[in-house]
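Trainee: Could you take one part of this structure and walk me through it closely, residue by residue where that helps? I'd rather have one connected picture than a quick tour.

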Amino acid sequence: MTAAAAAANVAAAAAAVTAPTIAQPVPFKLADRRLNHRHGLTIVLKIGTSSICDPVTHLPLLSNLSSVAETIVALKRSGHRVVLVTSGAIGVGLRCLNISQKPKEVIKNQAIAAVGQGKLMSLYDTLFSQFNQPVAQILLTRNDLADRTQYINACNTFEQLLEMDVIPIVNENDTISTAEIKFGDNDTLSAIAAGMVNADYLFLLTDVDCLYTDNPRSNPDAKAVRVVEDIGALREQIKVSAPGTSLGTGGMVTKLIAAELATAAGVTTFIARGSTPGNVIKIVDEVAAPTININVDDIGKSPDLLYTCFLAKRHPLGDRKWWIRHGIHNAGTVVIDRGAARALLQHKGSLFSAGITDVQGNFVAQQGVRIICTYQHAQTSSGESEDAGSEDGQQQQQYVIIGYGLANYSSTEIARIKGHHSCEIADLLGYADAECIVHRDNLARTLSLEEWQQWEDKHPEVDEDDEAH
Ligand SMILES: N[C@@H](CCC(=O)OP(=O)(O)O)C(=O)O
């Protein structure tokens, strides 16, 4: 589904619903791997441009940045490990260069970020050095993480820095990031960083207290959402606002995506106000103390302390599958038939060439691909499709995403062997590097078998020959 169609669906759903489903009060236990570490909690804090720079003058919000530093130092003194994901390179760069508005051209923003990033780090270094707290700069692009070895190297560097009591300060490497290799926004980057450090908590600090059922600036009846268990269900029920300032790239849409990503990795995620960073300490106390087992009853106990808590998934994706699903850039799409989709989800096996009907995009072996199943879909009266996505230029052609994986063959090779049995690959290509197109160990499924069955019931197969007559 396109972003515009998604937004339209969310807005339509909001009209019919007054308040979101609040999670059932079931005591929640963090994943075991987190219980075993000998430290306190591992906490990732993401701070957006609106908490760093004045949106008009671009002057740094020094008192706020000082509070962030104080908060992080206090968390560390309580035994927690902290990673800071910060935006602000462009905002600070604009001020240094005396440019009044963020330019539209990517190349100019890359140059401005190159100026601002150094200044931003110097600012953090000055603040943290008041507490004798060493900091480290980590600049990432999606490309850096696409290679498994580099991804693991980056994870190890994070781990080593945390072991050395250093605060890693992370931003996207804007200077070399172009559209294809961008995380896009620092909300997503912070969720990926949280997955990389096996964080317990991710805090997305922003310019509102929490997630609301509607935009609180325009709708006084908007209600605070305190606990979220199912982000998909929540999306159907509330109206999510677009970016709020001229410098930020995020807004609530990207916060929900980040929360989805982080909770899938087992990270409990919070939205809280960035202008009162000290609240992070209160929230950690309210939620985590005296143990790290979250009890939903503890959330929202203090009525004055507003925040939204997204509960981590009870069965998070394993590290490798999570990396395949979220860490790597998808260079292309492999279209499979329903039989292959069913087999992938039922038997949890590998993807073979026989079930492939089409390949889209240009990729080489070992790049990431999206695996989809396409279908004909009757349009609703408004012309919107009900779910999944639609292929460009073909309004009726819809797709459902089955999973993500690393391809064993290039797009050109797959185009030649699609629909053929594995034993024919050597004849067709002159060699056979692998029996399957995506090995089961390199495949992260996005649907369960039950979800697939429900989807099939809703979308019975259309006989295209019958349709044509
Ligand atoms: N990497 C960019 C930040 C991009 C971004 O996501 O900004 P924001 O929506 O304010 O978190 C910068 O440092 O200016």
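Mentor: Happy to. A helix here is a DSSP run of H or I with at least four residues, and helices are numbered from the N terminus. By that reading, Gln 117 is found in helix α5, which covers residues 106-129. Keep in mind as we go that this is a predicted model.

Let's start at that glutamine and work inwards. Gln 117 has a relative accessible area of 9%, so it counts as buried, the cut-off being under 20%. What does its side chain do in there? It makes a polar contact of 3.1 Å with the side chain of Gln 137. Leaving aside neighbours within four places in sequence, Gln 117 is in contact with Ala 89, Leu 139 and Asn 171 as well as Gln 137.

Now for the sheet. It is an open one, with 8 strands in the order β3-β4-β2-β1-β5-β7-β8-β6 and mixed pairing. Its edges are β3 (135-140) and β6 (227-228), each of which pairs on one side only. As general background, strands of a sheet pair through backbone hydrogen bonds, either parallel or antiparallel.

The strand I'd zoom in on is β2. Each of its residues is buried, 6 of the 6, so the strand is largely enclosed by the rest of the structure. You can split those residues by face: Arg 81, Val 83 and Val 85 sit on one side, while Val 82, Leu 84 and Thr 86 sit on the other, and both faces are covered. Notice that an arginine, Arg 81, is among the buried ones.

Next to it in the sheet order is β1. β1 and β2 pair in the parallel sense over 6 bridges, and if you want a register mark, Thr 42 stands opposite Arg 81. β1 (residues 42-47) also pairs with β5 (residues 201-206), again in the parallel sense, over 5 bridges. There, the register mark is Val 44 opposite Leu 202. Helix α11 (residues 279-288) lies across β1, β5 and β7 (268-273), and runs at about 145° to β5.

Follow the chain out of β2 and you come to Ser 87, in the loop between β2 and α4 (89-96). Is Ser 87 buried or exposed? Its relative accessibility is 11%, so it counts as buried. It has quite a list of contacts: not counting residues up to four places away in sequence, Ser 87 touches Lys 46, Ile 47, Gly 48, Thr 49, Ile 52, Leu 120, Asn 171 and Asn 186. Asn 171 turned up in the contacts of Gln 117 too. With Asn 186 there is also a polar contact, 2.9 Å from side chain to side chain.

That asparagine takes us to helix α8, since Asn 186 is one of its buried residues. The helix spans residues 186-196, and 11 of the 11 are buried, so α8 is largely enclosed by the rest of the structure. The polar residues Asn 186, Asp 187, Thr 188 and Ser 190 are among them. At the N-terminal end, Asp 185 acts as the cap, with a side-chain oxygen 3.0 Å from the backbone nitrogen of Asp 187. Just after the helix, Asn 198 takes a positive phi of about 50°.

Helix α7 makes a nice contrast. It has 16 residues (148-163) and reaches 22 Å from first C-alpha to last, close to the 22 Å expected at 1.5 Å a residue. Its buried residues are Arg 148, Tyr 151, Ala 154, Cys 155, Phe 158, Leu 161 and Leu 162. They cover an arc of only 155° around the axis, which means they are on the same side of α7. And which elements do they pack against? The partners are β2 (81-86), β3, α6 (142-146), β4 (167-172), α8 and α12 (319-327), so we are back at the strand we started zooming in on.

The ends of α7 are worth a glance as well. Asp 147 caps the N-terminal end, with a side-chain oxygen 3.1 Å from the backbone nitrogen of Thr 149. Just after the helix, Asp 165 takes a positive phi of about 65°.

Technical notes. Residues numbered from 1 in each chain as written. Predicted model: local features only at pLDDT ≥ 70, side-chain atom pairs only at ≥ 80, totals over all residues. Heavy atoms only, no water. Buried < 20%, exposed > 50% of the residue type's maximum accessible area, 1.4 Å probe, protein only. Helix = DSSP H or I, 4+ residues; strand = E, 2+ residues; numbered from the N terminus. Polar contact = N/O pair within 3.5 Å; in protein donor to acceptor, adjacent residues only side chain to side chain. Pairing = 2+ DSSP bridges. Contact = heavy atoms within 4.5 Å. Axes fitted to C-alpha atoms, helices over the stretch in contact; angles between N-to-C directions. Expected span 1.5 Å × (residues − 1). Arc of directions from axis to C-beta.
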